[in-house]
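Subject: A structure for you to explore

Hi there,

Here is the structure I promised to pass on to you. Have it open while you read, and turn it around as you go through my notes below.

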Amino acid sequence: MIQLKTKFWVDALLRRAESALAAAYVIRHGDEDAGAVLVKVANLTGQAELFVPARDENGERIWTRHDKGPVPEAEIDVYCQRRADGDPDIWVIEIEDRRGRHFLTEPVEDS
C-alpha cells in the first residue's frame, strides 16, 4: 500500500478547510514523511473535538473521535501536548469552523 507523505496530506486538509471558509492551522509540525496527525476541530464556543488516526480491518486509514462529543478545548490541548511529548514526529492541526466540520475524507468512526 502506497502512503502519501504526511506533509502533502496535511496541505490538502488545510486547503479543503480554507476553501470552505474555515480557518486551519498547523499547531505542531511533525515529520514530513511519516508523522501521525491529530486533528482538533474547534467550534468557536470553547468546545472542540479531536480526531485521531487508526486502521480498519483492511489496513486502511480511518479516524476516530478521541472523546464522545465536544469537550473543553483545554482538555484536548493537554492531550495533544502529552502525545507530542512522547512522539516528536506528531502533527497537530487545528480547524476552527462554526459548523464543526472536520474536512477529513477518510471514514470517521466513534471510538
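Let's begin with helix 1, whose buried residues are T6, W9, V10, L13, L14 and A17. They cover an arc of only 135° around the axis, so they sit on the same side of helix 1. On the other side of helix 1 you will find F8, R15 and S19, which are exposed. Please keep in mind that this is a predicted model.

What do the buried residues of helix 1 pack against? They pack against strand 1, strand 2, strand 4 and strand 6. You can also check the length of helix 1 for yourself: at 1.5 Å a residue, its 14 residues should span 20 Å, and the end C-alpha atoms are 20 Å apart, which agrees.

Now for the cores. The largest nonpolar core has 17 residues, and those with the most contacts inside it are W9, L13, V37, V39, I93 and I95. Helix 1, strand 2 and strand 6 (91-96) are the elements that give two or more residues to this core. Its largest share, 5 residues, comes from helix 1. Apart from this core lies another one, of 12 residues, and A48, L50, V52 and V71 are among them.

W9 deserves a look of its own. Leaving aside residues up to four places away in sequence, W9 touches L4, V37, V39, R61, W63, L104 and E106. Two of the residues on that list, V37 and V39, also appear with W9 among the residues with the most contacts inside the largest nonpolar core.

Next, the strands. Strand 3 is a good one to follow, and here is how it pairs:

- Strand 2 and strand 3 pair in the antiparallel sense over 4 bridges. The bridge partner of K40 in strand 3 is L50.
- Strand 3 and strand 4 (residues 61-65) run antiparallel and are joined by 5 bridges. Here P53 stands opposite W63 in strand 4.
- Strand 3 and strand 5 (residues 71-72) also run antiparallel, with 2 bridges between them. The bridge partner of A48 in strand 5 is V71.

Two of these pairings are hairpins. Strand 2 and strand 3 form a hairpin with 4 residues between them, and L44 in the turn has a positive phi of about 70°. The hairpin of strand 3 and strand 4 has 5 residues between the strands, and in it G59 takes a positive phi near 85°.

L44 is worth a second look, since its positive phi occurs in a residue other than glycine. At 44% relative accessibility, L44 counts as partly exposed. L21 is another residue other than glycine with a positive phi, near 70°. You will find L21 in the loop between helix 1 (6-19) and strand 1 (23-28). Is L21 buried or exposed? With 79% relative accessibility, L21 counts as exposed.

Finally, the charged side chains. Side chains of opposite charge can pair when their charged atoms come close. How many salt bridges does the structure hold? There are 8 salt bridges, and these three are good ones to find on screen.

First up is K5, which forms a salt bridge with D33, the closest N and O atoms being 3.2 Å apart. K5 lies in the segment before helix 1 and D33 in the loop between strand 1 and strand 2, so the pair ties together parts that are 28 residues apart in sequence. Both partners are partly exposed: K5 at 41% relative accessibility, and D33 with a relative accessible area of 46%.

Then there is E94, which forms a salt bridge with K40, with the closest N and O atoms 3.5 Å apart. This pair links distant parts of the chain, E94 being in strand 6 and K40 in strand 2, 54 residues apart. E94 is buried, with a relative accessible area of 10%, and K40 is buried too, with 3%.

The last one is between R101 and D97, whose side chains meet at 2.8 Å, N to O. R101 counts as partly exposed at 24% relative accessibility, whereas D97 counts as buried at 4%. Salt bridges that share partners also join K40, E73, D77 and E94 into one network.

Enjoy exploring, and write back with any questions!

Best wishes

Key
Residues are numbered from 1 along each chain as its sequence is written. This is a predicted model: local features need pLDDT of at least 70, side-chain atom pairs count only at pLDDT 80 or more; totals for chains, interfaces and linings use all residues. Side-chain values use heavy atoms; hydrogens and water are left out. Buried means under 20% relative accessible area, exposed over 50%, partly exposed in between (1.4 Å probe, protein chains only). A nonpolar core is a set of buried Ala, Val, Leu, Ile, Met, Phe, Trp, Tyr and Cys residues joined through side-chain atoms within 4.5 Å. Contact means heavy atoms within 4.5 Å. Two strands pair if DSSP finds at least two bridges between them. The expected span of a helix is 1.5 Å times one less than its number of residues. The arc is that of the directions from the helix axis to the C-beta atoms. A salt bridge is a side-chain nitrogen of Lys or Arg within 4 Å of a carboxyl oxygen of Asp or Glu.
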